[in-house]
Amino acid sequence: MPLSAVIVDDEQLARDKLAYLLKSAGDVNVVAQGKNGLEAISLIKEHNPDVVFLDVQMPGLDGFGVIKKLLDKKILCPKSCSPQLSTSMR
């Protein structure tokens, strides 16, 4: 059974590239994509993914802020939250 994944990054190109790489790897189903931290929280609550890829450098609420909010609000965190730097995607 494939893992479900959510990708959140303020750069469309980074989201597209990661989605492509995950699709190419197989056994990963990208169920949603978002462009900011507030969308990340909503998407995580809605989809309850197995893994989340978060940009650590987003305006407003960054990836680490998303994790903190999830923990503070006692929202079920995915099995793996992986903050990513967009620049590492290039």
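Modeller: Let's start with the words: a helix here is a DSSP run of H or I with at least four residues, and a strand is a run of E with at least two, numbered from the N terminus. Counted that way, this predicted model comes to three helices and four strands.

Colleague: In what order do the elements run from the N terminus on?

Modeller: They go β-α-β-α-β-α-β.

Colleague: How do you know which element has the highest mean pLDDT and which the lowest?

Modeller: pLDDT is the predictor's confidence in each residue, from 0 to 100. Strand 2 (residues 28–34) has the highest mean, 96, while strand 4 (residues 80–84) has the lowest, 50. Then, over residues 85–90, the value is below 50, although that stretch has 14 contacts in the model beyond near neighbours in sequence. Where pLDDT is low, don't read the predicted coordinates in detail. The whole chain averages 85, and 82% of the residues score at least 70.

Colleague: Why is Asp-50 called buried?

Modeller: Buried means under 20% relative accessible area, and Asp-50 has 17%, so it counts as buried. Asp-50 sits in the loop between helix 2 (37–47) and strand 3 (51–55).

Colleague: What makes the link between Asp-50 and Ser-4 a polar contact?

Modeller: The cut-off is 3.5 Å between N or O atoms. The side chain of Asp-50 reaches the backbone nitrogen of Ser-4 at 2.9 Å, so the pair passes. Right beside Ser-4 in the numbering, Ala-5 is 45 residues from Asp-50 along the chain, yet their C-alpha atoms are separated by 6.0 Å.

Colleague: How do you know that strand 1 and strand 2 pair?

Modeller: Pairing takes at least two bridges, and strand 1 (residues 3–8) and strand 2 have six, so they qualify; they run in the parallel sense. Ser-4 has Asn-29 as its bridge partner in strand 2. Between the two strands, the chain passes through helix 1 (residues 12–25), and this β-α-β crossover is right-handed.

Colleague: What makes Asp-72 and Lys-68 a salt bridge?

Modeller: A side-chain nitrogen of Lys has to be within 4 Å of a carboxyl oxygen of Asp; here the closest N and O atoms are 2.8 Å apart, so it counts. A search of the whole structure finds one salt bridge. Both residues belong to helix 3 (residues 63–72), four residues apart, about one turn of the helix. An α-helix has 3.6 residues a turn, so residues three or four places apart point the same way.

Colleague: Are Asp-72 and Lys-68 buried or exposed?

Modeller: Both are exposed, and that label takes over 50% relative accessible area.

Colleague: Which residues of helix 2 are buried, and what covers them?

Modeller: The buried ones are Gly-37, Ala-40, Ile-41, Leu-43 and Ile-44. Their cover includes strand 1, strand 2, strand 3 and helix 3.

Colleague: How do you know that Asn-36 caps helix 2?

Modeller: A side-chain oxygen of Asn-36 lies 3.1 Å from the backbone nitrogen of Leu-38, at the N-terminal end of helix 2. After helix 2 comes Asn-48, with a positive phi near 45°.

Note on methods. Residues numbered from 1 in each chain as written. Predicted model: local features only at pLDDT ≥ 70, side-chain atom pairs only at ≥ 80, totals over all residues. Heavy atoms only, no water. Contact = heavy atoms within 4.5 Å. Buried < 20%, exposed > 50% of the residue type's maximum accessible area, 1.4 Å probe, protein only. Polar contact = N/O pair within 3.5 Å; in protein donor to acceptor, adjacent residues only side chain to side chain. Right-handed = clockwise from strand over helix to strand, strands pointing away.
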